[in-house]
Amino acid sequence: AWIRSLRLELQSGGNVRMEPGVPSRDLWAKQVRELVSSRFRAEDFSRFGIMDIKIHNVTRVHNRSLRIRFEEIISRISADGTTTNMEYLFYIPDPRNAEA
């Protein structure tokens, strides 16, 4: 996985970078773990036999070109031209760990 992320960074000219999170070191990784755990609802997955969630790792994806496009759209939407601090989370389960 590490080599794949380095290869992606190289192929994108440094525009896409993966940053593995360590909850004991990175506050953002700890917050993501807590957020995903707090949003998990066992009753939504009980029919599949899933009663709990275990988070193996958290990876932050830095994508310069998408961030620039996103910020341009937000600035056009913003009527008064003020900038706001915004955090966003995209949750994508690893399909290799999913069971049919």
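This note goes through the predicted model point by point.

1. **Confidence.** The model is predicted. Mean pLDDT for the chain is 80. Of its residues, 78% reach 70 or more. Confidence is lowest in H1, with a mean of 78. The highest value belongs to H2, at 90. As a general caution, predicted coordinates should not be read in detail where pLDDT is low.

2. **Secondary structure.** There are four helices and two strands in the chain. Their order along the sequence is α-β-α-α-β-α. The elements that recur below are helix H1 (residues 2-11), strand S1 (16-21) and helix H2 (27-39), and strand S2 (residues 58-63).

3. **Burial and surface.** The chain has 100 residues, and 12% of them are buried. It exposes about 9,000 Å². Carbon and sulfur atoms supply 55% of that area.

4. **Contacts across the sequence.** Take the contacts between residues at least 6 apart in sequence. Of these, 52% join residues at least 24 apart. The points on threonine 59 and glutamate 19 give examples of pairs that are distant in sequence: one is separated by 37 residues, the other by 41.

5. **Helix H1.** How many of the 10 residues of H1 are buried? The count is one, so the helix lies largely in the open. Leucine 6 belongs to this helix. Its relative accessibility is 40%, so leucine 6 counts as partly exposed, falling between the 20% and 50% cut-offs. Trp2, Ile3 and Leu6 together make a nonpolar surface patch of about 350 Å². Just after H1 comes glycine 13, with a positive phi of about 70°. Anyone reading this region should recall that H1 has the lowest confidence, at a mean of 78.

6. **Strand S1 to strand S2: the salt bridge.** Glutamate 19 and arginine 60 form a salt bridge. Their closest N and O atoms are 3.3 Å apart. Glutamate 19 sits in S1 and arginine 60 in S2, so the pair ties together parts 41 residues apart in sequence. Which partner is buried, and which is partly exposed? Glutamate 19 is buried, at a relative accessible area of 19%. The cut-off for buried is under 20%. Arginine 60 is partly exposed, at 31% relative accessibility.

7. **Threonine 59.** This residue lies in strand S2. Threonine 59 is partly exposed, with a relative accessible area of 44%. Which residues does threonine 59 touch, not counting those up to four places away in sequence? They are Met18, Glu19, Pro20 and Trp28. Glu19 is also the salt-bridge partner of arginine 60. The C-alpha atoms of threonine 59 and valine 22 are separated by 9.0 Å. Along the chain, those two are 37 residues apart.

8. **Aspartate 26 and arginine 25.** Aspartate 26 is found in the loop between S1 and H2. At 11% relative accessibility, aspartate 26 counts as buried. Arginine 25 is exposed, at 58% relative accessibility. The two side chains meet in a salt bridge, 3.0 Å from N to O. They also make a polar contact at 3.0 Å. Leaving aside neighbours within four places in sequence, aspartate 26 is in contact with Pro20 and Gly21. Pro20 is among the residues that threonine 59 touches as well.

9. **Arginine 41, glutamate 43 and aspartate 44.** Arginine 41 and glutamate 43 meet in a salt bridge through their side chains, at 3.4 Å from N to O. Arginine 41 is partly exposed, with a relative accessible area of 43%. Glutamate 43 is exposed, at 51%. The cut-off for exposed is over 50%. Salt bridges with shared partners join Arg41, Glu43 and Asp44 into one network.

10. **Salt-bridge tally.** The count of salt bridges comes to four. Among them are glutamate 19 with arginine 60, arginine 25 with aspartate 26, and arginine 41 with glutamate 43. In general, side chains of opposite charge can pair when their charged atoms come close.

Conventions. Residues are numbered from 1 along each chain as its sequence is written. Side-chain values use heavy atoms; hydrogens and water are left out. Buried means under 20% relative accessible area, exposed over 50%, partly exposed in between (1.4 Å probe, protein chains only). Contact means heavy atoms within 4.5 Å. Accessible areas come from the Shrake-Rupley method with a 1.4 Å probe; for residues, only the protein chains shown count as cover. A polar contact is a pair of N or O atoms within 3.5 Å; within protein, one must be able to donate a hydrogen and the other to accept it, and residues adjacent in sequence count only if both atoms are side-chain atoms. Patches are made of residues with over 30% relative accessible area and no salt bridge: like charges are joined within 9 Å, nonpolar side chains (Val, Leu, Ile, Met, Phe, Trp, Tyr) within 5 Å. pLDDT is the predictor's confidence in each residue, from 0 to 100.
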